[in-house]
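Colleague: Please pick a single part of this model and go through it closely. I would like the cut-offs stated as you go.

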Amino acid sequence: YCSALFAARDLTTHERSCPEVMIDCPNEGCDELVTRGSMAEHRGACEWEEVECVSPGCDVRMPREEMAAHVAAAEASGAHVQRAGVGARLLAAFGGFVGSAGVAATP
């Protein structure tokens, strides 16, 4: 999996840091196997990565795949501070949208 050259005695050390080694995503629920070198990119898009709500003052953390529903429900109930356009931007950031009546919806 790797074309790096090193002394045989360094094999174990290299395997612990080699960017070409395939490793499991550490996020619970994700079954992806990715190279160590691409793990940061994978986690940046992984639906199971725990993310913090982007609404000011909301301390909720949950898997990325659940965040759009959280934002939609919080905006609809008034739990998040309503500011002009904030709800639409938050939902767009997590794959949802705000309908014409201002009610949160999903595509």
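Modeller: What follows covers the third helix and its surroundings, after some notes on the chain.

The model is predicted, so local features are taken only where pLDDT is at least 70 and side-chain atom pairs only at pLDDT 80 or more, while totals for chains, interfaces and linings use all residues. Residues are numbered from 1 along each chain as its sequence is written, and side-chain values use heavy atoms, with hydrogens and water left out.

The average pLDDT (the predictor's confidence in each residue, from 0 to 100) is 78 over the chain, and 73% of the residues score at least 70. Residues 97–107 fall below 50, and in the model this stretch has 15 contacts beyond near neighbours in sequence; a contact means heavy atoms within 4.5 Å. The chain has four helices and six strands, where helices (H or I, at least four residues) and strands (E, at least two) are DSSP runs numbered from the N terminus. Their order along the sequence is α-β-β-α-β-β-α-α-β-β. Of the 107 residues, 29% are buried; buried means under 20% relative accessible area, exposed over 50%, and partly exposed in between, with a 1.4 Å probe and protein chains only. Among contacts between residues at least 6 apart in sequence, 9% join residues at least 24 apart.

Now the helix. α3 runs over residues 64–77, and its 14 residues should span 20 Å at 1.5 Å a residue; the end C-alpha atoms are 20 Å apart, which agrees. The expected span is 1.5 Å times one less than the number of residues. The buried residues of α3 are Arg 64, Met 67, Ala 68, His 70, Val 71, Ala 72, Ala 74 and Glu 75. Just after the helix, Gly 78 has a positive phi of about 85°.

Within α3, His 70 merits a separate look. His 70 counts as buried because its relative accessible area is 17%. Leaving aside residues up to four places away in sequence, His 70 touches Cys 53, Cys 58, Val 60, Met 62 and His 80.

Why is Cys 58 not bonded to Cys 53? The sulfur of Cys 53 is the closest cysteine sulfur to that of Cys 58, but at 3.7 Å it is too far for a bond; a disulfide is a pair of cysteine sulfur atoms within 2.5 Å. The whole structure has zero disulfides. Cys 58 is buried, at 12% relative accessibility. Cys 18 is also buried, with a relative accessible area of 1%.

On the strands β3 and β4, Arg 61 and Glu 50 form a salt bridge, 3.0 Å from N to O. Arg 61 lies in strand β4 (residues 61–63) and Glu 50 in strand β3 (residues 50–52), so this pair ties together parts that are eleven residues apart in sequence. A salt bridge here is a side-chain nitrogen of Lys or Arg within 4 Å of a carboxyl oxygen of Asp or Glu. Arg 61 also meets Glu 52 in a salt bridge, at 3.5 Å from N to O, and Glu 50, Glu 52 and Arg 61 are linked in a network. Each of the three is partly exposed: Arg 61 at 44%, Glu 50 at 42% and Glu 52 at 45%.

The whole structure has three salt bridges. One of them joins Glu 49 to Arg 43, with the closest N and O atoms 2.8 Å apart. Glu 49 is buried at 14% relative accessibility, whereas Arg 43 is partly exposed at 32%.
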